Amino acid sequence: MDEVMAIFVSRINWWVYILLMMIGLYGITIKQNFMKKVIGLSILQTSVILFFVSIGAKKNATIPIIEHAHDAGYSTAEAGHFINPLPHVLMLTAIVVAVATLGVALALVIKIYRQYNTLEEDEILQQLGEDK
Amino acid sequence: MKAMGLVLVVILGGMLIFGSLDFPLWGDPHSPASSHVSPYYIEHTLADTSVPNIVTAVLADYRGYDTMFETIVIFTAGIACIFLLRTFTSVEPVSRLYRHIPTGITLRIKKGGKVPEDSSDFERLDAAWVPYDLIVKSTCRRIIPFIQIFALYVIAHGHHSPGGGFQGGVILGASLILFAIAFDLRSAIRRISERLTAFLCALGVLIYAGTGALSMLYKANYLDYGALAGLLGVDPVSARSHGILIVEIGVGIAVMAVMVILYYNLASAGRQDEGL
């Protein structure tokens, strides 16, 4: 029982991100409404961002900003004392890019609504079939 | 169809959960992600660039190319939003609303009626009428300058504390969007015109790419800020720190402008006439 509990405790954060990813993927693939698809896309992005940030964590380490004093010279930093900065760098840009691409997605949604007066995928496919 | 999709998603999730059993434990200092290139960054950043915030140093110096192209992605997203949505054919609405400011009376003027001239007595309202909200407007008027100063602080202190161009740019953009929400889209556009936002978003990318090109003129690699030491009048290690600051300012300008462009176009569906 203790072993199962240990596995559960050490993996629970990955599982939460996988669950979020499943919710997002379900929204993208199954939902018929484009707005809901965009929301699903955002949830998927969030899960990936959380996953990467979680990779960067280290036990007994602090944020990756070295304490320093002005003109104190360069002290050496030990890798074990600071968390991994790389996932933070990648996700920092990914979050802002996610916002910008979300804007483009919403612009496309507005454009589609203007063209077809609906955001339901099946109704749009029906209208496209009638055009032929 | 629905059931099939659900089954596929559950199978994928199950496989990932099964795979997660082989992951390193959470917070393991010897996990593969933390044991190759990341110790180098942590141990050498201060000596290489004199920037104590490792995230900023990696963002703008070690991985400068990546960040430059991320900025270009944001720039492209803003431009794409303009191209997708912006329409210049103005549709005359059925009626327009004006508020007579001294009395607070709202006037509805039908198509073809006499529209009040631009005077300080009348202000145009959006078609979706909202009551005059003194509390929201005065609160925002007082809070926005502080938000903007905080944003500039976040950009300028990106080396020494958490922050940087992306975060500061988003805060600066959010303050302008807050202004546009609290007042209306037209008064926001009067202050920061569409032309200015487009110019700023190109300027930000130009500052970034130009800094890289400038270091090429000093016979160094692209984005190798150490070469700017002579120009900035500091030693090569400090020049990297200053180069990062210049680049972060460019990123902040570009991100701020793109956030505002996205809001202007999405809120008014490209007409930039009446918004939220």
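A crossing of two helices is called right-handed if the near helix is turned clockwise from the far one by less than a right angle, and left-handed if it is turned anticlockwise. Keep that in mind for the tour. The model on screen is predicted.

**Stop 1: chain A as a whole**

Select chain A and hide the rest. Chain A holds four helices and zero strands, so its pattern from the N terminus is simply α-α-α-α. Turn the chain about: its C-alpha atoms fill a box of roughly 70 × 50 × 15 Å along the principal axes. The radius of gyration of chain A is 22 Å, whereas a compact globule of 132 residues would have one near 14 Å.

**Stop 2: two helices of chain A**

Now select residues 34-55 of chain A, which are helix H2(A), and residues 85-116 of chain A, which are helix H3(A). H2(A) and H3(A) pack with their axes 10 Å apart, at an angle of about 180°. Because of that angle, H2(A) counts as roughly antiparallel to H3(A).

Show the side chains where the two helices meet. On H2(A), the residues in contact include A:Phe34, A:Leu41, A:Ile49 and A:Phe52. On H3(A), they include A:Met91, A:Ile95, A:Leu102 and A:Val109. This contact has 19 nonpolar, three polar and no charged residues.

**Stop 3: where chain A meets chain B**

Bring chain B back. The contact between the chains takes 45 residues from chain A and 52 residues from chain B. On the side of chain B that touches chain A, the helices that give two or more residues are H1, H2, H3, H4, H6 and H10 of chain B. Which of them gives the largest share? Select residues 64-85 of chain B, helix H4(B): H4(B) supplies ten residues, the largest share of that side. By class, the residues on this side of chain B are 37 nonpolar, eleven polar and four charged.

**Stop 4: one crossing between the chains**

Keep H3(A) in view and add residues 54-62 of chain B, helix H3(B). The axes of H3(A) and H3(B) come within 9 Å and cross at roughly 60°. That angle makes H3(A) oblique to H3(B). Which hand does the crossing of H3(A) and H3(B) have? By the definition at the start, the crossing is right-handed.

Label the residues that meet here. H3(A) brings A:Pro85, A:Leu86, A:His88, A:Val89 and A:Leu92, while H3(B) brings B:Ile54, B:Val55, B:Val58 and B:Leu59. Eight of the residues in this contact are nonpolar, one is polar and none is charged.

**Stop 5: chain B as a whole**

Hide chain A. Chain B has ten helices and three strands, in the pattern α-α-α-α-β-β-β-α-α-α-α-α-α along the sequence. Its C-alpha trace spans about 70 × 65 × 35 Å along the principal axes. For chain B the radius of gyration is 25 Å, against a value near 19 Å for a compact globule of 276 residues.

**Stop 6: the sheet of chain B**

Select the strands of chain B. They form an open, antiparallel sheet in the order S2-S1-S3. S2(B), residues 105-110, and S3(B), residues 122-125, are the edge strands, each pairing on one side only. Neighbouring strands are turned by 35° against each other on average, direction ignored.

Next, zoom in on S1(B), residues 95-100. Six bridges pair S1(B) with S2(B), and four bridges join S1(B) to S3(B). B:Tyr98 is a useful residue to label: it stands opposite B:Leu107 in S2(B), and its bridge partner in S3(B) is B:Arg124. B:His100 stands opposite B:Ile105 in S2(B). Follow the chain from S1(B) into S2(B): the hairpin has four residues between the strands, and B:Gly104 takes a positive phi near 80° there.

**Stop 7: two helices of chain B**

Finally, select residues 134-156 of chain B, helix H5(B), and residues 165-182 of chain B, helix H6(B). Their axes lie 8 Å apart at an angle of about 170°. H5(B) is therefore roughly antiparallel to H6(B). The crossing of H5(B) and H6(B) is left-handed.

Among the residues that meet are B:Ile144, B:Ile147 and B:Phe150 in H5(B), and B:Ile171, B:Leu172 and B:Phe179 in H6(B). The contact of H5(B) with H6(B) has 14 nonpolar, five polar and one charged residues.

Conventions
Residues are numbered from 1 along each chain as its sequence is written. Chains are lettered from A and ligands numbered from 1 in the order in which they are written. Two residues are in contact if their C-beta atoms, placed from the backbone, lie within 7 Å. Ala, Val, Leu, Ile, Met, Phe, Trp, Tyr, Cys and Pro count as nonpolar, Asp, Glu, Lys and Arg as charged, and the others, Gly among them, as polar. Axes are lines fitted to C-alpha atoms, for helices over the stretch in contact, and angles run from 0 to 180 degrees between N-to-C directions. Angles under 35 degrees count as roughly parallel, over 145 as roughly antiparallel, 65 to 115 as roughly perpendicular and the rest as oblique. Two strands pair if DSSP finds at least two bridges between them. The radius of gyration is taken over C-alpha atoms; the globule rule is 2.2 Å times the number of residues to the power 0.38.
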